[in-house]
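Notebook open, model loaded. I'm jotting down what I looked up, one spot at a time.

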Amino acid sequence: MRTIRASPAYPIVTPLINKTIMFNYWIDCDVPPFAALMMDGIARVVGPIPSTEQLADCDAIIVGGGKYDGAVMARCPKLKVISRLGVGYDNIKVEDATARGILVCYAPEAPTVSTAEHAVTLMLAVAKHLRALDGHTRAGTLEQFSPARDSLELSGRTLGLVGAGRIGSRVARVALAMDMRVIVFDPYLTPARASELGVTRAPTLRALLGEADIVSIHVPVTPETRSLMNADRFAQMKHGAIFINTARGALVDESALAAALASGHLGGAGLDVFQVEPPAPTHPLLRFENVIVTPHIASATGAGVGRLWETGLRQATQALRGERPAFMLNPEVWKG
């Protein structure tokens with residue numbers, strides 16, 4: 001089987017399967033050239049342009065950022081599988097899909113490396129005052145930036161991870177390699193897994209927040225975690241601590257974070273996600289020199305995007321051909 005290199009930025013890709021049946025895929029985001037090549041002879045894109053009428057013809061929905069509930073699914077009589085190009089699936093009503101016998105897949109392993117590296121990058125950038133140093137150096141006003149000599153050396157510091165799944169665990173490995181101490185609050189982290197990772201389990205979130213010099217959050221949005229980081233939680237963090245979020249904006253009360261920064265209680269923040277994206281230019285968190293922001297792009301390296309598309313397209317095609325996908329959110333509907 002031939003392989004295709006669409007761009008030096010992306011990995012070598014292989015056509016998904018032998019070309020036998022053409023499927024109709026509704027894809028709600030731009031399709032990169034290498035992904036189009038993967039679908040060559042296997043699937044045709046039927047939407048979302050020019051209208052949503054083609055939903056009725058789709059066998060699979062490939063989800064970028066759209067929202068899908070029962071009302072949308074009801075318009076798709078042929079729909080058999082929804083495949084998410086990512087690890088977060090709060091934009092898909094899985095229970096609505098299950099009620100209709102529609103399989104939902106996602107790509108939990110695809111963004112791990114890129115997102116973990118981005119979290120560590122934000123940690124370093126905030127700790128070293130890179131945003132302020134860059135701006136003052138370009139403006140020739142470095143003498144006005146007294147904290148330039150107060151950047152944080154991470155070796156020997158404590159990183160607190162809220163969540164130790166795939167991404168959090170990889171962040172822990174990098175932090176340990178920098179001679180940091182890593183503590184974790186995660187009810188699902190077993191003592192054996194903590195020992196394997198070389199991290200210390202925190203008994204409560206409060207205990208972690210009071211001990212960590214840097215807090216990085218790596219949990220999904222659920223009713224229990226929405227606004228998990230609120231005014232009380234930020235007050236529990238050490239004076240001068242740094243907060244990092246590459247997970248979801250809904251995990252954070254942004255007004256409370258802005259207040260903790262304005263008071264000087266927190267030493268800085270690195271944010272890849274916001275409650276509303278992109279944030280408005282007038283967003284309160286954008287006015288702080290010790291806050292570094294990026295546009296929800298942590299997983300968007302060439303390799304990361306390549307894995308997202310390869311996983312998303314492969315699983316949709318596997319499901320339609322009766323081959324069991326690896327990452328199903330509602331396996332109870334799988335009938336093979």
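I sorted the lining of the second largest pocket by class and got seven nonpolar, three polar and two charged residues. My classes: Ala, Val, Leu, Ile, Met, Phe, Trp, Tyr, Cys and Pro are nonpolar, Asp, Glu, Lys and Arg charged, and the others, Gly among them, polar. The space in this pocket is about 220 Å³. Of its 12 lining residues, Lys80, Gly101, Ala319, Val333 and Trp334 are the closest to the centre. A pocket here is an open set of points on a 1 Å grid over the protein atoms alone where a 1.4 Å probe fits, with protein on both sides within 12 Å along at least five of seven lines, and lining residues have an atom within 4 Å of a point. The volume is the space filled by probe spheres set on the points.

A note on the source: this is a predicted model, with local features needing pLDDT of at least 70 and side-chain atom pairs 80 or more, while totals for chains, interfaces and linings use all residues. Residues are numbered from 1 along each chain, and side-chain values use heavy atoms, without hydrogens and water.

Next I checked helix H11, residues 302-320 (helices are DSSP runs of H or I, at least four residues; strands are E, at least two). Of its 19 residues, 14 are buried (under 20% relative accessible area, 1.4 Å probe, protein chains only). Gly322, just after H11, has a positive phi of about 80°.

Then strand S11, residues 266-271: five of its six residues are buried, so the rest of the structure largely encloses it. S11 runs parallel to S10 (residues 241-245) over five bridges (pairing takes at least two by DSSP). I found Asn245 opposite Leu271 of S11.

Definitions and conventions:
The expected span of a helix is 1.5 Å times one less than its number of residues. Buried means under 20% relative accessible area, exposed over 50%, partly exposed in between (1.4 Å probe, protein chains only).
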